[in-house]
Amino acid sequence: MTEIYGYARVSTSEQADNTYALEQQIERLKQAGATKIFCDVVSWDKAERLQFTELMDLVRQGKVKKLIATRWDRLMRNEELYLALKKVFQNFGIVLQLLDQGIVDLTTAAGELSADMQALFAVHERRMLIDRVKHGYKYRRSRLAAPGRGPFGYVVVNEKYELNTKPCVCLLEDRPKNYLDLYAESDNSPKLLYRSKAQIAREIFELFLQIRKPIKVLGHIYEKYGIQVKKGTHSGLDEQLSLPKSPTHFREWLVNPVHQGHTAYLKYQTKGYLKDDDEWEFHPNTHPENKLINELEAEEVKNILKFNTKRVGNSKISFYLTGLVFCYQCGGKGVLKRHKEYSYYGCRHASFGCKNKRSTRIEKIEHAIIETLFKRVVSIAEEPATGASCSIDSAKLLQMKKQLAGLESLPGIDNNFLLKNAKEDLIRQIEKETKRLEQSVPVEGTAQQIIRHPMARNINFWYSLTYQEREVLYDKLVEKVCIFNGEAISVSLYV
């Protein structure tokens, strides 16, 4: 008995709107006589149709004599693919049956004309759909409506972004004191849930500003919240939290202007790649009361991501210098070279004509950087006072000072017990954060604040920095280091 093949396809949006859309197509194909059915759940503008590709391989092998589909737009929705399919079906004598359009006869001129007209209408329908979608997006942009569902940490309410403050998960550290009495409660009981997606999103930002590495942050969050990332594994919590699934998606999430209270449209290119932010259609302060991070934090996030793109490899070893070292002879970037005992930077063009053949040991580069920085610190200390402040305010400290100013502006605050206590508690937190900044390495400051910090006036301070601290400080202070003939001959600073 000759096997009759069937093909069904639904787009992701169709499947979302009607969860039985694919099952309905498959059932119709079975009733029409299909004994082996291939199916894909993929949008019409995507080329990755794995089942369709497998089916066409069988066609080219001569194993398919009859193919059934519901209509042309299940098989194709552009002219190029139609012409390619028609040629294949003609060459291999395929009998094509479309349940909504009848038997397709490609053996006669009249039948081919009929097929061409049907395919043309399918293509026209696709074009009309594209136009409707474009007009719909344009209308939404004119009303500054949220272009889609909110990023993690947000929900869309009345077409505006709002922080998602609904509790969704409870960690052991959050469990209520009477948790033993709640044994019979369901997992999604409001009595058990504590942390919201907005709280977790804020936690992710704070962690990223501290760790600075997307993969490490994702790993920490996945482990803390029990997210399973192995293929084919579903933890349940993964779907509930909908966290970014890869470093690329995570970086896109980090720079989303929604977190700062803004809305941006037309952020992606045709193939789904993120455009540069200066190409976005940007609308500021569309939901300022629902900010997740402030402007200073957003700028620091961008700086960290920009800094990471210059680095290759493991910063814990010595790659924190990559992107700073250049060849004095040809201007090419230095590349890291390793030995059993030492590591070096050398010119990447040393084997292609550059005369700078000798590599420079990392210890020499470090010494040159620290010597140049310390000389600059001493020269600034000897300059007449300019009034520039060397005190460092972290984003957290600035936020607390802003909150304190808001409290102090309230009338009668000293006569209100709760407000007075809140003010005193905030003052204690500000003092604690200020003391922490004074006693810690000034990684959170600007270049001017770092170079003028009292700690910087001690040469041992520079030599005692960890790799991670050097990575941050050098990025803010050092523009480039030029190497030649085994020596670091010049260091350029931003300050």
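The legends below describe close-up views of a predicted model.

**Basis of the views.** Residues are numbered from 1 along each chain as its sequence is written, and side-chain values use heavy atoms, without hydrogens and water. In this predicted model, local features need pLDDT of at least 70 and side-chain atom pairs count only at pLDDT 80 or more, whereas totals for chains, interfaces and linings use all residues.

**Figure 1. Overall fold and confidence of the predicted protein.** The secondary structure comprises 17 helices and 17 strands (DSSP runs numbered from the N terminus: helices are H or I of at least four residues, strands E of at least two). Of the 495 residues, 40% are buried (under 20% relative accessible area; exposed is over 50% and partly exposed in between, with a 1.4 Å probe and protein chains only). Among contacts (heavy atoms within 4.5 Å) with a separation of 6 or more, 60% join residues 24 or more positions apart. The mean pLDDT (the predictor's confidence in each residue, from 0 to 100) is 82, and 84% of the residues reach 70 or more. Over residues 230–238 pLDDT stays under 50, and the model has twelve contacts beyond four places in sequence for this stretch. Residues 312–317 also have pLDDT below 50, with twelve contacts beyond near neighbours in sequence. Where pLDDT is low, the predicted coordinates should not be read in detail.

**Figure 2. The cavity and its lining.** The structure holds one cavity of 30 Å³ or more (a set of points on a 1 Å grid over the protein atoms alone where a 1.4 Å probe fits but cannot get out; lining residues have an atom within 4 Å of a point). The largest cavity has a volume of about 30 Å³, volume being the space filled by probe spheres set on the points, which are joined across faces, edges and corners. Its lining consists of Leu144, Ala145, Ala146, Glu159, Lys160, Tyr161, Thr263, Thr286 and His287. By class, four of the lining residues are nonpolar, three polar and two charged (Ala, Val, Leu, Ile, Met, Phe, Trp, Tyr, Cys and Pro are nonpolar; Asp, Glu, Lys and Arg charged; the others, Gly among them, polar).

**Figure 3. Polar contacts of Gln97 and Thr322.** Gln97 lies in strand E4 (residues 95–98) and counts as buried because its relative accessible area is 17%. The Gln97 side chain makes a polar contact with that of Lys66 at 3.2 Å (a pair of N or O atoms within 3.5 Å; within protein, one must be able to donate a hydrogen and the other to accept it, and residues adjacent in sequence count only if both atoms are side-chain atoms). Beyond four places in sequence, Gln97 also touches residues including Leu67, Ile68 and Ile103. Thr322 is in the loop between helix H11 (295–309) and strand E12 (325–327); with 13% relative accessibility, Thr322 is therefore buried. Its side chain is in polar contact with the side chain of Tyr345 at 2.8 Å.

**Figure 4. Surroundings of Lys476 in helix H17.** Helix H17 spans residues 467–477, and Lys476 is buried because its relative accessibility is 18%. Lys476 and Tyr494 are 18 residues apart in sequence, with a C-alpha to C-alpha distance of 7.4 Å. Apart from neighbours within four places in sequence, Lys476 contacts Glu300, Val443, Glu444, Gly445, Ala447, Ile450 and Tyr494.

**Figure 5. Positive phi at Arg212 and Asn285.** Most residues other than glycine have a negative phi. Arg212 has a positive phi of about 75° in the loop between helix H7 (197–211) and helix H8 (214–224), and is buried at 6% relative accessible area. Asn285, with a positive phi of about 55°, lies in the loop between strand E11 (281–283) and H11; Asn285 is partly exposed at 47%.

Note on methods
1 Å grid on protein atoms, 1.4 Å probe; cavity = no way out; pocket = protein on both sides within 12 Å on 5 of 7 lines; lining within 4 Å.
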